[in-house]
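Visitor: I would like to learn how to read the contacts within a chain and between chains. Could you take me through an example step by step?

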Amino acid sequence: MNIRKLALGTAMAVLTGVSTAAVVPAQAQEQIYVPLLTYRTGSFAGSGIPIADGMADYLRMLNERDGGIGGVKLLVEECETGYDTKKGVECYESTKGKGAVIYNPYSTGITLQLIPKASADKIPVLSMAYGLSAAAVGNTFPWIYNPPVTYWDGASVFIKHVAEKEGGLDKLKGKKIGLIHLDAPFGKEPIAVLENLAKEFGFELKLYPVAAADMQNQGSVWLNIRRDRPDWIYNQGWGAMNPTAVKEAAKNNYPMEKLVGVWWAGGDDDARAGGDQAKGYKSLNFHASGSNFPVIQDIQKHVVDKGFSKVPKDKVGENLYNRGVYNSMLIAEAIRTAQKITGKKVVNAEDVRRGLEALDVTEARLGEMGMKGFAAPVKLSCDDHSGHNKVYVAQWDGTKWTQGSDWMEPMKDKVRPLLESAAKDYAAANTWPARSEPCQKGS
Amino acid sequence: MDILYKVLIDPFVQMGAAPDLLVQTVWEGLVSGVLYALIALGFVLIFKASGVFNFAQGIMVVFAGLTLVGFHEMGVPAILAVILTLGVMFLLAVSVERVVLRPLVNQPDIILFMATFGITYLLIGFGELIFGGNPKRMIAEELYLPTGSIEFQTLGGFVQLQKIDIAAAVIAAIMIAALAFFFQTTRIGRALRAVADSHKAALSVGISLNQIWVIVWFTAGIVALVTGIMWGARSDVSFALQVIALKALPVLILGGFTSVPGAIVGGLIIGIGEKIGEFYWGPLVGGGIESWLAYFIALGFLLFRPQGLFGEKIIERI
């Protein structure tokens with residue numbers, strides 16, 4: 001036995017001890033793993049970045065301010081999808097083994113791919129106000145959630161808004177209503193419900209698809225619009241398509257107050273691109289913009305001011321940033337509800353699914369979270385995974401979004417039967433298994 | 001019979017019934033066509049000099065536009081920002097020649113083609129790292145580009161011309177003419193044509209291949225900057241713009257990969273053709289045909305002229 005070997009052995013023992021000591025607390029530390037599928041690169045980054053910032057900052061704020069949720073810190077990890085379905089599925093596959101409790105695909109294309117995968121893996125998918133509208137039917141899709149509204153609800157609110165401005169639903173007869181949309185699953189989602197409403201109320205629906213490659217080259221689409229002269233246009237656009245559409249509308253002298261975007265077409269940069277002429281542009285919304293809310297101020301204090309955020313300070317409170325905050329609030333409330341239901345601190349994916357199904361964000365709870373006036377209450381149930389909650393029409397005043405209407409209920413009586421029928425069709429076409437998960441008591 | 005009427009008669013009836021819309025459509029096509037021609041020119045220059053299809057031309061448009069806006073955001077005056085951006089594009093040309101092309105001399109063309117894929121992804125990553133993914137507003141007014149529109153009440157309706165579109169058409173036309181003059185009449189231009197004909201023969205008479213490559217990549221960089229400014233002013237500068245650059249593909253198929261006049265004529269045919277097609281025939285199939293119609297037109301021409309309208313007919317003995 002020489003001294004050299006002894007020294008080596010001692011060093012190894014010390015090193016092993018140190019590394020073990022380093023690992024043990026990490027393993028013992030209780031965490032809930034929340035992967036965020038985001039996109040900060042590619043053609044849609046302009047819309048993706050503020051949402052990613054809002055989502056990450058709210059969850060970070062919970063960690064910094066409250067020590068996580070129910071005393072358990074959140075382990076948040078972003079995975080870059082570039083709004084590319086293939087990359088999104090890769091993100092899902094590479095993170096699901098780490099104990100993910102919930103997925104936010106942030107793309108209708110990715111959501112459509114994850115619906116069968118996540119259902120088989122038993123991990124809930126929260127496609128907040130996007131994705132497959134029919135997923136609102138909880139009896140068919142126990143693992144998929146799309147609160148607070150579906151695209152079909154949104155389209156019905158747009159029609160209600162048009163009717164309100166035109167003097168009633170009966171005044172829609174003979175009107176021409178256009179849908180300018182991204183020629184992708186997301187853009188095509190509202191077509192079915194608009195066709196149905198067109199039949200019922202007697203208006204003519206004109207479709208104006210925009211290929212992803214031509215998002216910034218919409219000249220001929222707007223020439224078609226100039227020829228058809230639709231009375232109103234609904235814009236189901238995303239990314240670079242939106243600022244171009246607003247610019248083209250201004251260029252073609254289309255009355256801005258008759259161009260209404262889905263909530264994803266309501267970014268500050270979308271409207272800003274049209275300059276002064278964009279004044280009056282409208283977009284549906286289900287939360288407020290601006291930073292005059294305690295929750296946003298807490299994010300500023302605990303995250304942005306401390307340099308933990310990627311967001312430029314002047315962008316905090318912009319519409320899509322607040323969209324990300326709202327999305328993360330739903331994630332957090334689902335986890336909190338899951339903790340309450342199960343009595344566990346560290347919840348798993350199945351628990352969070354139960355939490356989502358029992359989600360009940362009341363007015364009082366919004367107040368507790370510093371979100372009074374920020375959004376409308378949201379309640380989900382075993383069968384209703386969307387809630388068909390209220391939305392309002394926001395209007396661009398030239399510098400910021402303002403509330404341009406009261407909160408409006410979607411046409412649930414029209415939309416819900418269509419969703420149920422679509423869910424049945426989906427189940428039949430995909431040999432979908434019958435629901436085996438029990439409903440949460442009272443949900 | 002109804003479908004035949006809709007395809008063969010009705011579009012022409014519409015053209016006659018609303019001639020203002022026809023003129024507007026042709027104008028929109030013309031502007032797009034000129035911009036396509038400008039992008040195609042960037043491809044042609046590099047293809048002529050090295051036989052390489054430069055897949056990175058699209059991202060060069062974005063990169064040049066973002067660099068310009070980036071300099072301006074740092075407080076650099078607009079005109080100086082243009083000069084600095086040209087400097088960056090020159091550095092890029094030198095880097096490409098030194099790091100990518102020179103080590104790959106005498107390799108098959110497909111290797112060089114694949115290398116331009118590498119340049120594309122490198123520029124995407126580098127660009128996103130420096131400028132972020134957010135779209136940027138092009139500094140059109142700061143560059144003294146006109147804004148607003150001119151409206152003519154004519155042909156039973158109105159025709160509206162955006163001043164920025166007029167400027168784009170004029171600047172692109174001047175640029176194309178200048179490049180054509182440069183490559184047709186100057187010593188460097190003749191050297192470029194010699195390199196295009198045969199690398200070995202050009203080398204044997206003392207033409208520096210490396211120098212020519214730097215010149216054409218820099219020229220393609222200038223073209224990219226002009227395209228970035230013009231297209232950026234029409235919408236904004238974002239990474240989505242690189243996709244539009246792929247519209248130059250059918251232009252090249254149509255015009256020929258080695259012809260500057262081909263790029264111009266091809267650009268105009270594709271630009272006007274796709275706008276007319278989308279406007280008059282698109283609604284018959286639900287619209288959205290613009291993205292593939294350009295290829296359809298190009299392939300139609302290829303049936304009769306496989307080398308493209310102005311391409312060289314290559315006959316090889318076997």
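Guide: We will go through the contact between two domains, and then turn to the contact between two chains. Please keep in mind that this is a predicted model.

Visitor: Into which domains is chain A divided?

Guide: Chain A is divided into domain 1, made of 29-149 and 289-389, and domain 2, made of 152-285 and 395-403. The C-alpha centres of domain 1 of chain A and domain 2 of chain A lie 27 Å apart, and their contact takes 25 residues from domain 1 and 19 residues from domain 2.

Visitor: How is the size of such a contact expressed, and what area do domain 1 and domain 2 of chain A bury between them?

Guide: The size of an interface is often given as the accessible area lost when the parts come together. Here domain 1 of chain A and domain 2 of chain A bury about 1,900 Å² between them, with 54% of it on carbon and sulfur atoms. On the domain 1 side, A:Phe44, A:Asn319 and A:Arg323 supply 26% of the area buried against domain 2, which is more than any other three residues.

Visitor: How many salt bridges and polar contacts are counted between the two domains?

Guide: The count between domain 1 and domain 2 of chain A is two salt bridges, along with 14 residue pairs in polar contact. A:Glu318 forms a salt bridge with A:Arg272, where the closest N and O atoms are 2.9 Å apart. As for the elements involved, helix H2 (45-66), helix H4 (108-121) and helix H12 (319-342) of chain A each supply at least two residues of the domain 1 side, and by class that side has 12 nonpolar, 10 polar and three charged residues.

Visitor: Turning to the two chains, what area is buried between chain A and chain B, and how many residues does each give?

Guide: The area buried between chain A and chain B is about 2,800 Å², of which carbon and sulfur atoms give 48%, and the contact takes 27 residues from chain A and 40 residues from chain B.

Visitor: Which polar features and which elements of chain A should I look for there?

Guide: Across this interface there are four salt bridges, and the side chains of B:Glu28 and A:Lys251 meet in a salt bridge at 3.7 Å, N to O. There are also 13 residue pairs in polar contact. H2, helix H8 (219-228) and helix H9 (241-251) of chain A give two or more residues to the side that touches chain B, the largest share, six residues, coming from H8(A). By class, this side of chain A has nine nonpolar, 12 polar and six charged residues.

Key. Residues are numbered from 1 along each chain as its sequence is written. Chains are lettered from A and ligands numbered from 1 in the order in which they are written. This is a predicted model: local features need pLDDT of at least 70, side-chain atom pairs count only at pLDDT 80 or more; totals for chains, interfaces and linings use all residues. Side-chain values use heavy atoms; hydrogens and water are left out. Domain bounds come from an automatic or database domain assignment. Contact means heavy atoms within 4.5 Å. Buried area is the accessible area (1.4 Å probe) that two parts lose on being put together, summed over both. A polar contact is a pair of N or O atoms within 3.5 Å; within protein, one must be able to donate a hydrogen and the other to accept it, and residues adjacent in sequence count only if both atoms are side-chain atoms. Helices (H or I, at least four residues) and strands (E, at least two) are DSSP runs, numbered from the N terminus. Ala, Val, Leu, Ile, Met, Phe, Trp, Tyr, Cys and Pro count as nonpolar, Asp, Glu, Lys and Arg as charged, and the others, Gly among them, as polar.
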